[in-house]
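Visitor: Could you take me through one part of this model in close detail? I would like to see how the pieces there sit against each other.

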Amino acid sequence: MTQWWQQAVVYQIYPRSFQDSNGDGIGDLPGIISRLDYLQDLGVDALWLSPVYRSPGVDNGYDISDYEAIDPQFGTMADMRRLIQAAKARHIKIVMDLVVNHTSDQHPWFQAAARSRADPHRDWYIWRDPVDGHEPNDLRSTFSGSAWAWSAATGQYYLHLFGRQQPDLNWANPVLRQAIYRMMNFWLDEGIGGFRLDVIDLIGKDPDAGITANGPHLHDYLREMNAATFGRFPVMTVGETWGATPAIAQQFSDPAHHELSMVFQFEAMQLDQVPGQSKWVTRPLDHQALRDVLCKWQTELDYHHGWNALFWNNHDLPRIVSRWGDDGRYRVRSAKMLAILLHLLRGTPYIYQGEELGMTNAPIERIEQVQDIESRNAYAEQVAAGVAPATMLAAINRMGRDNARTPMQWTAGPQAGFTAGTPWLPVNANHRQINAAAAQADQDSVLATYRQLVALRHTHPLVVWGEFAPLTTVPGVMAYTRTYQGETWLIVANLTGTAQSFTSPAHLDAVIISNMTAPTTLSSLQLAPYQAFVAKVTGERDLNTHRRES
Ligand code: GLC
Ligand code: CA
């Protein structure tokens with residue numbers, strides 16, 4: 001049975017940075033409503049909103065203090081209902097971010113749990129006695145330091161895999177699980193289109209054994225959740241799973257398992273990080289490795305019994321055009337190449353706000369300019385440990401999360417049209433050139449390419465369902481075919497900033513999309529830096545002999 005989300009393109013909104021409607025410098029729900037025409041024009045089917053629930057904002061909403069209320073800085077529940085309805089009128093669904101690995105330390109559940117060991121909520125979180133006067137073990141927080149924080153009132157440590165203001169929930173407690181499912185049903189009954197499940201592969205953890213991701217009961221919990229909540233609705237679910245292999249992704253997404261629609265896996269997105277080191281220690285991208293990992297996820301996951309999410313960006317990752325493209329001379333061309341390469345793959349593509357404009361990273365010069373808790377904590381920890389401040393600032397400029405969080409660039413005007421006030425994070429100065437208004441007026445913009453790619457997926461079943469096959473190429477080039485009902489498309493992308501050669505065995509029928517004047521013959525070809533194109537081809541038999549073993 002086919003599902004709507006297999007044919008969909010999802011757009012991620014980081015509400016804080018999308019559109020401010022009241023001049024307080026923070027994006028909000030009325031702001032999103034005012035931009036629905038833009039999103040409809042782009043053609044997307046669903047909007048994933050990063051969290052808008054009530055929150056102290058220590059991790060910009062990923063620390064929730066009330067799951068069933070909208071934070072006043074984003075608007076009201078009435079605004080949320082208006083957004084759901086206004087989006088629906090445009091055939092767009094709203095996907096909520098579900099953060100249930102942890103809550104805020106300001107959540108009434110945690111407040112009660114921390115007050116007394118006898119409180120019924122105590123066991124909803126994870127408490128341990130000190131061992132020899134300190135932390136029970138050496139588990140580390142993703143946001144630096146120990147994952148255990150001391151709670152003096154009751155003389156125990158609690159677990160927090162992220163900030164100390166984000167205590168982990170104890171999924172082993174069945175009463176807690178039911179409370180979460182009730183809350184999820186509250187949102188499903190509001191008519192949402194699904195959930196993005198934040199760090200969901202951590203909920204089955206066994207902290208005493210040092211196991212965080214992919215713990216022993218993870219899949220039991222997800223099956224239980226599915227049956228108790230979204231399994232009864234025609235919605236999509238996408239789990240954030242940093243450590244998924246194709247086999248694990250299959251387990252999550254095989255419809256017969258009744259877990260999730262698909263997962264975000266990060267194998268490709270970690271290729272420029274030095275294995276075994278923190279995310280701040282990077283190395284140049286190996287293009288051949290990128291190609292191989294993308295191909296691996298196309299061939300090792302069985303798409304007839306599972307599904308994949310496709311993305312370059314989100315609110316935690318640096319901007320892709322700055323990271324693996326060229327945000328200078330070849331900005332437009334390389335942004336289009338990355339878009340074409342990704343959107344022709346099998347799976348559900350996600351576009352992160354501003355990616356469709358080719359928005360770039362936003363370098364800073366001083367740590368005081370950084371808002372993100374992860375970058376700030378890492379800077380403090382590493383500098384205290386002797387790392388040169390300049391080294392950490394360079395790492396933050398490469399990998400820091402604020403790069404993706406600067407305000408959406410709507411116009412060339414003041415504050416890029418994002419706010420009438422002072423934005424919570426400065427607007428990138430390049431909004432004078434890079435902005436939605438300019439892109440809409442330019443037929444050759446990155447935006448125009450994204451619009452075409454979304455339309456191709458909606459009008460050509462081949463893009464959704466076609467079988468994938470990789471072709472042999474030189475290391476800097478990725479080429480593959482998609483074949484459906486006797487028709488074959490060839491996708492070729494030069495991943496590098498230098499010319500590369502490409503030899504195609506097939507005959508060109510028609511170019512479907514490209515980022516430069518498309519080639520007219522497909523025999524032996526010199527690809528320009530970052531050149532990419534998609535062409536319908538004939539000569540299938542020839543093509544087969546050139547397919548790589550996978
Ligand atoms: C996920 C979110 C990230 C957040 C973390 C803790 O990775 O995407 O933004 O900081 O979980 O909730
Ligand atoms: Ca606002």
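**A helix pair up close**

Guide: Happily! In this predicted model, helix H11, covering residues 373-384, and helix H12, covering residues 389-399, have axes that come within 10 Å and cross at roughly 155°. Angles over 145 degrees count as roughly antiparallel, so H11 and H12 are roughly antiparallel to each other. The crossing in which H11 passes H12 is right-handed.

Now for the side that each helix brings to the contact. From H11 come Ser375, Ala378, Tyr379, Gln382 and Val383, and they meet Pro389, Met392, Leu393 and Ile396 of H12. Sorted by character, the residues of this contact comprise 7 nonpolar and 2 polar, with no charged ones.

While you have the model open, the calcium ion (ligand 2) also deserves a visit. Its coordination comes from Asp20 (OD), Asn22 (OD1), Asp24 (OD), Ile26 (O) and Asp28 (OD), at 2.3 to 2.4 Å. Along the chain, the donors of this calcium ion (ligand 2) keep the spacing D-x1-N-x1-D-x1-I-x1-D. Two of these residues can be placed by accessibility: Ile26 counts as buried because its relative accessibility is 13%, and Asp28 is buried too, with a relative accessible area of 2%.

For an exposed residue, turn to Pro234, in the loop between helix H6 (218-228) and strand S10 (236-240). Its relative accessible area is 67%, so Pro234 is exposed. If you would like a distance to check, the C-alpha atoms of Pro234 and Arg401 are separated by 33 Å, with the two residues 167 apart along the chain.

Methods. Residues are numbered from 1 along each chain as its sequence is written. Chains are lettered from A and ligands numbered from 1 in the order in which they are written. This is a predicted model: local features need pLDDT of at least 70, side-chain atom pairs count only at pLDDT 80 or more; totals for chains, interfaces and linings use all residues. Side-chain values use heavy atoms; hydrogens and water are left out. Axes are lines fitted to C-alpha atoms, for helices over the stretch in contact, and angles run from 0 to 180 degrees between N-to-C directions. Helices (H or I, at least four residues) and strands (E, at least two) are DSSP runs, numbered from the N terminus. Angles under 35 degrees count as roughly parallel, over 145 as roughly antiparallel, 65 to 115 as roughly perpendicular and the rest as oblique. A crossing is left-handed if the near helix is turned anticlockwise from the far one by less than a right angle, and right-handed if clockwise. Contact means heavy atoms within 4.5 Å. Ala, Val, Leu, Ile, Met, Phe, Trp, Tyr, Cys and Pro count as nonpolar, Asp, Glu, Lys and Arg as charged, and the others, Gly among them, as polar. Donors are N, O and S atoms within 2.8 Å of the metal (3.2 Å for Na, K and Ca); water is not among the atoms, so sites may look incomplete. Buried means under 20% relative accessible area, exposed over 50%, partly exposed in between (1.4 Å probe, protein chains only).
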